[in-house]
Amino acid sequence: MQAPEPPVTAVKRRALAGKQRGVTLIEILVAIVLLSIGLLGLAGLQLRGMQVNQGSALRSQAAILAGDLADRMRADVAAANPANTTGSFYGAFTPASWAGASPPSMQDWLRSELGTLPAGVAAQAVPCNGNQLPCVHVWTPAPVGTLPTPVQIDVFWNDARASAAATSNATSLLGQFTIVTGLSSAY
């Protein structure tokens, strides 16, 4: 007895399978292009993640510095009195103007602490000398005599490195951290 003839479609399928073996060069090139596009996207995502991380680290550092300055003000109550126009913490300072700050704790803070933030020149107006960064602006947003005395500490720094649109001269972006705290009424 003779085996039955296979259907025509099965014969054609076997013939076509015999002709196509492996992957063509065009298919490999298309796969490489798609893989390259995906890897470029991942590289861009990694870069943006590093920039956001840098900005977050600078903001955390500014928060720690502002809290430290508030603690120094609480420790030196006489100089922290906003009615004290000489020898006080109040004003706008940069690390370069540390000699203009009268309390020794403020001079030390400006000289050794504030200078750890990135420097530059602010493209927009900040309440510091010549828009030089980093700087701190200490002021009271309430009338003198308000108890407990509210104090606002604004810390500014050059945040261009943490931006997606960082420029070569690093003057375009401004980082700012503000803390408002109350001081003791023991003046």
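These are my notes on a four-stranded sheet and two helices in a predicted model.

**Ground rules.** The model is predicted, so I keep in mind that local features need pLDDT of at least 70 and side-chain atom pairs count only at pLDDT 80 or more, while totals for chains, interfaces and linings use all residues. Residues are numbered from 1 along each chain as its sequence is written, and side-chain values use heavy atoms, with hydrogens and water left out.

**Entry 1, the sheet.** I looked up the strand order and got E1-E4-E5-E6, an open sheet of four strands with antiparallel pairing. Strands here are DSSP runs of E, at least two residues, and helices are runs of H or I, at least four, numbered from the N terminus. Two strands pair if DSSP finds at least two bridges between them. E1 and E6 stand at the edges with a single partner strand each, so one side of each has no neighbour in the sheet. Neighbouring strands are turned by 15° against each other on average, direction ignored. (Axes are lines fitted to C-alpha atoms, for helices over the stretch in contact, and angles run from 0 to 180 degrees between N-to-C directions.)

**Entry 2, strand E5.** I checked E5 (residues 149-158) next: 10 of its 10 residues are buried, so the rest of the structure largely encloses it. Buried means under 20% relative accessible area, exposed over 50%, partly exposed in between (1.4 Å probe, protein chains only). Val-151 and Trp-157 are among those pointing one way, with Gln-152 and Phe-156 among those pointing the other. On the E4 side I found five antiparallel bridges, with His-137 opposite Asp-154 of E5. Towards E6 (residues 174-183) there are 10 bridges, again antiparallel, and Val-151 stands opposite Thr-181.

**Entry 3, the helices.** H2 lies across E4, E5 and E6 and runs at about 30° to E6. H4 packs on the sheet too, touching E1 and E4, with its direction at about 150° to that of E4.

Which residues of H4 are buried? I noted Met-106, Trp-109 and Leu-110. Seen down the axis of H4, they fall within an arc of 95° (taken from the axis-to-C-beta directions), so they line one face of the helix. They pack against H2, E1 and E4, where contact means heavy atoms within 4.5 Å.
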